Amino acid sequence: MDVMIVLAISLAIYLLLITSLRLMYPEMHIDWSRINLEEIDFPPDFSWGVATASHQIEGNNLNNWSEFEREQNKERSGAACDHWNLWKGDHQLLVELGVNSYRFSIEWSRIQPTQDSWDEDAIAVYSEMVDSLIDKGIEPVITLHHFSHPVWFEDLGGFYKRSNIEFFQKYCERIFPYFNGRVKKWCTINEPEVFSIMGYFMNMFPPGKRSVLKAIRVMKNIMLAHGQVYHALKKTDSQSYIGIAKNVTIFDPLRRWDLIHWITSIILNYIWNGAIISSLKRGRMYGTSMSITKNSADFIGLNYYTHVLTSPFLPQTTEIDLPSRKGQEITEFGYPMYAEGLERAVQMLSKLEIPIEITENGVADSTDKLRPIHLKRHLWVLSELLSKGFDIRSYFHWSLMDNFEWAEGYSLRFGLYEVDYDSQERTLRNSGRDYAEIIKKF
Ligand code: GCO
């Protein structure tokens, strides 16, 4: 065949392929100048909340994270927000915001400091916290594992070893009965994909490894752990409402005419999102069958922050500005503000056909310039999704107050309240005031 004909046919096939991909996976963008962000509507039974995590706020924890901070010479979490001592005042902040729901995590390393000791006093403090929330008319939502765990568990190999899952299960089974009856909504694990990829591939979280295979193995084990704990806890109380919090980051091709960029984004979407959805829906993940994870969630928690524009030149760290589309605002985390992605993330998770709880959404913004608009855009998208009939039950803003942002330390500020780490004073930001007003309306 003539070379020209071969070239023409190849080009035609390429164009056809790219056009179909572009049509199949549109990258939604809204012209925000045409949107009235005040036009939102929420049902009266919608839950309004904020979220935090133990290691980020409590202070003076001794766990895999504090060890990692020391070993890698990172910024230390140290006293953090001293929430362990100041929690009563912090519950007052929740009252000021007017939220009726609060998502926080229990620090396993406080509950079980050594493999064979349980700290009843620590359990009693969490128990008091739960009572205090209920007294205030705020529903407690507990996460059992939010990135941190005891040093002894890490030393045994953490979630890298399948046989260690039983230790996690024992801790969950020990904690659950204390709160059963008072706490209905539980997240077993926070962000299995972030935990495994940041810790075992990106070298940014403990234990600081760099291996795709290890990351995938940990992700599988974490999902198995979730499945096992879900069934064990449901056996104790079938009325409890148990799910998992999943970070949905959408990977879009940087150049939408470049097949290589498409292939990269499709692979990353599968590793980050598709594999976990498949484990919950079909009990299969990366070619492995794991029936215990099938239908192992009463709800899916959605932590939504952004989309990532991909090419084969993948960043090896999060400490850079990621590419963005023209006109997009860049958050202090270095990624763009992309509220439209919330709709796409909800569509993605709705395949699971279970209720969706927005367990996290927020922005790093030390001057609070972007946060008011960030909040309003995401709530606008949410309100649209509700009017389209999606079963979304709650919105938890990340976060109540500035806190220890893991590998980024204290440089990033996600709070509706600003924290002065010297005086431990908390000050409501304008965005916090906006959020309180919105909550009051519905
Ligand atoms: C995560 C966690 C939170 C973060 C938040 C802001 O997504 O890493 O769930 O602990 O602090 O997402 O980055």
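**Exercise 1. The ligand site**

Determine how many residues surround the ligand in this predicted model, and which are the closest.

*Solution.* Step 1. The ligand is surrounded by 13 residues. Those closest to the ligand are Q56, E191, E360, E405 and W406.

Step 2. Sorted by class, this shell comprises six nonpolar, four polar and three charged residues.

Step 3. Polar approaches to the ligand are then listed. E191 places a polar side-chain atom 2.7 Å from an oxygen atom of the ligand. For E360, an N or O atom of the side chain is 2.7 Å from a ligand oxygen atom. For W398, the corresponding separation between a side-chain N or O atom and an oxygen atom of the ligand is 3.3 Å.

Step 4. The ligand taken alone exposes 320 Å², and the protein buries 94% of that area.

**Exercise 2. Strand β10 and its partners**

Identify the strands that pair with β10, and state the sense in which each runs.

*Solution.* Step 1. Strand β1, residues 47-51, pairs with β10 in the parallel sense over five bridges. Within this pairing, S47 has S394 of β10 as its bridge partner.

Step 2. Strand β9, residues 356-360, also runs parallel to β10 and is joined to it by three bridges. Here I358 is bridged to Y395 of β10.

Step 3. As for cover, six of the seven residues of β10 are buried.

**Exercise 3. The setting of H397**

Decide whether H397 is buried or exposed, and describe its surroundings.

*Solution.* Step 1. H397 belongs to strand β10, which spans residues 392-398.

Step 2. A residue is classed as buried when its relative accessible area is under 20%. The value for H397 is 0%, and H397 is therefore buried.

Step 3. The side chains of H397 and Y395 are joined by a polar contact of 3.1 Å.

Step 4. Beyond four places in sequence, the contacts of H397 include G49, V50 and A51, as well as N361 and G362. R371, L375, L416 and Y435 are also in contact with H397.

**Exercise 4. The setting of Y200**

Establish where Y200 lies and which residues it is in contact with.

*Solution.* Step 1. Y200 is located in helix α9, residues 192-200.

Step 2. With a relative accessible area of 3%, Y200 is buried.

Step 3. Leaving aside neighbours within four places in sequence, Y200 has contacts that include E154, G157, Y160, F195 and P207. Among the others are K209, R210, S211 and K214.

Step 4. Y200 and Q424 are 224 residues apart in sequence, and their C-alpha atoms are 34 Å apart in space.

Methods
Residues are numbered from 1 along each chain as its sequence is written. This is a predicted model: local features need pLDDT of at least 70, side-chain atom pairs count only at pLDDT 80 or more; totals for chains, interfaces and linings use all residues. Side-chain values use heavy atoms; hydrogens and water are left out. A residue is near a molecule or strand if one of its heavy atoms lies within 4 Å of it. A polar contact is a pair of N or O atoms within 3.5 Å; within protein, one must be able to donate a hydrogen and the other to accept it, and residues adjacent in sequence count only if both atoms are side-chain atoms. Accessible areas come from the Shrake-Rupley method with a 1.4 Å probe; for residues, only the protein chains shown count as cover. Ala, Val, Leu, Ile, Met, Phe, Trp, Tyr, Cys and Pro count as nonpolar, Asp, Glu, Lys and Arg as charged, and the others, Gly among them, as polar. Helices (H or I, at least four residues) and strands (E, at least two) are DSSP runs, numbered from the N terminus. Buried means under 20% relative accessible area, exposed over 50%, partly exposed in between (1.4 Å probe, protein chains only). Contact means heavy atoms within 4.5 Å. Two strands pair if DSSP finds at least two bridges between them.
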